[in-house]
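Colleague: I have a new model to look at, and I'd like to know what stands behind each label you give it. Please take me through the reasoning as we go.

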Amino acid sequence: NVFFGILVFIVIWLIVSQVLEMRLLGSILDKVVSVGVIGFVVLFQSEIRKFLYSVGAHRKMDPLLNLLKSNKKPTTADRKVILPIVTACMNMARDREGALIIIERGIPLDDLVQTAGEVIDANINQRLIENIFYKGSPLHDGAMIISKKRIHAAGCVLPVSHRHDIPKELGLRHRAGMGITEESDAIAIIVSEETGRVSVAMNGDFHLRLSFEDLESILSREMA
């Protein structure tokens, strides 16, 4: 809608200054445009930064690197990061405790932490993850963000997806997980409090009803 409004304004500006040759009004609109460019950059600086990060991330990834990455086996260090996450998710699913874990990849998620999150900056630990999402914890309703193989923050508020093709049985956590994957290249792990099932949202798609092995395989492939 914002882009459409800007486009309409540009068309009016061109008609006034170039077609109708209304010099006074055209000069006023010229000044508005020159100031508006600066205002546009200031107003949408976070979106522009995310867009540039996204372009840079896609530019560095070619099919050959993706092929090598998919065939790469996770190292011992990777397993020390992945296994606590997988085990914690399965334990929470068994106990019907909801959770939303976001794993940052190429596009930084610092804006989410600055707006509503609590910085933790701790090593990835199974018990810590389960304690944060325990129903009595003040941070259990928000999302946890894992960045650079560390628990960066918890209690973060995510953008919610408004897609109409999301199944109705999937709740707000699933929509929030889908929302962050629509705006970044992050991986969202969702543990449903109602059904006790584990899902992953990634690249705008859901992977539902995951087992321990399924979740471990996805994280080993995507976090490598």
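**What the labels rest on**

Modeller: Let's start with a pair of charged side chains: Lys135 and Glu193 meet in a salt bridge, at 3.8 Å from N to O. Lys135 sits in the loop between α7 and β3 and Glu193 in the loop between β5 and β6, so the pair links parts of the chain that are 58 residues apart. Do keep in mind that this is a predicted model.

Colleague: Why is the contact of Lys135 with Glu193 called a salt bridge?

Modeller: The rule asks for a side-chain nitrogen of Lys or Arg within 4 Å of a carboxyl oxygen of Asp or Glu. At 3.8 Å, the Lys135 and Glu193 pair falls within that limit, so the name applies.

Colleague: And are these two buried, partly exposed or exposed?

Modeller: Partly exposed is the label for values between 20% and 50%. Lys135 has 46% relative accessibility, so it belongs there. Glu193, with a relative accessible area of 30%, is partly exposed too.

Colleague: What other partner does Glu193 have?

Modeller: Arg173 also forms a salt bridge with Glu193, and their closest N and O atoms are 3.6 Å apart. Arg173 belongs to helix α8 while Glu193 is in the loop between β5 and β6, with their positions 20 residues apart in sequence. Arg173 has a relative accessible area of 18%; buried means under 20%, so Arg173 is buried. Elsewhere, Arg105, Arg221 and Glu222 are joined into one network by salt bridges that share partners.

Colleague: How many salt bridges does the rule give?

Modeller: The count comes to ten. One of them brings together the side chains of Arg150 and Asp121, 2.9 Å from N to O. Since Arg150 lies in strand β4 and Asp121 in strand β2 (residues 118-123), this pair ties together parts 29 residues apart in sequence. Arg150 is partly exposed at 29%, and Asp121 is partly exposed at 46%.

Colleague: Let's turn to the interior. Which residues touch the most other members of the largest nonpolar core?

Modeller: They are Ile85, Ile129, Ile189, Leu215 and Leu219, out of 31 residues in that core. At least two residues each come from α5 (76-94), β1 (99-103), α7 (126-132), β3 (143-147), β4 (150-156), β5 (187-191), β6 (198-202) and α9 (212-222). Helix α5 gives the most, nine residues. Apart from this core lies another one of 16 residues, including Leu109, Cys156, Ala176 and Ile190.

Colleague: What is Ile189 in contact with, beyond its neighbours within four places in sequence?

Modeller: Its contacts are Ile85, Cys89, Ala99, Leu100, Ile101, Ile103, Val198, Ser199, Val200, Leu215 and Leu219.

Colleague: Ser199 is on that list. What makes Ser199 buried?

Modeller: Ser199 has a relative accessible area of 3%. The cut-off for buried is under 20%, so Ser199 meets it. Ser199 is part of strand β6, and leaving out residues up to four places away, it touches His174, Ala188, Ile189, Ile190, His207, Leu208, Arg209 and Leu210.

Colleague: Is Gly142 buried or exposed?

Modeller: Gly142 has 15% relative accessibility, under the 20% limit, so it counts as buried. Gly142 is in the loop between α7 and β3. Not counting residues up to four places away, Gly142 touches Leu100, Phe133, Gly155 and Cys156. From Gly142 to Ala176 the C-alpha to C-alpha distance is 9.9 Å, with their positions 34 residues apart in sequence.

Colleague: How much space lies in the second largest pocket?

Modeller: About 320 Å³. Sixteen residues line this pocket, and those closest to its centre are Glu169, Leu170, His174, Ser192 and Thr195. Helix α8 (residues 172-183) supplies the largest share of the lining, three residues. Sorted by class, the lining has five nonpolar, five polar and six charged residues.

Colleague: And for the chain as a whole, how many helices and strands are there?

Modeller: Nine helices and seven strands. Of the 224 residues in the chain, 38% are buried. Among contacts with a separation of 6 or more, 60% are between residues 24 or more positions apart.

Note on methods: Residues numbered from 1 in each chain as written. Predicted model: local features only at pLDDT ≥ 70, side-chain atom pairs only at ≥ 80, totals over all residues. Heavy atoms only, no water. 1 Å grid on protein atoms, 1.4 Å probe; cavity = no way out; pocket = protein on both sides within 12 Å on 5 of 7 lines; lining within 4 Å. Points joined across faces, edges and corners; volume = space filled by probe spheres on them. Helix = DSSP H or I, 4+ residues; strand = E, 2+ residues; numbered from the N terminus. Nonpolar A, V, L, I, M, F, W, Y, C, P; charged D, E, K, R; others polar. Core = buried A, V, L, I, M, F, W, Y, C linked by side-chain atoms within 4.5 Å. Buried < 20%, exposed > 50% of the residue type's maximum accessible area, 1.4 Å probe, protein only. Contact = heavy atoms within 4.5 Å.
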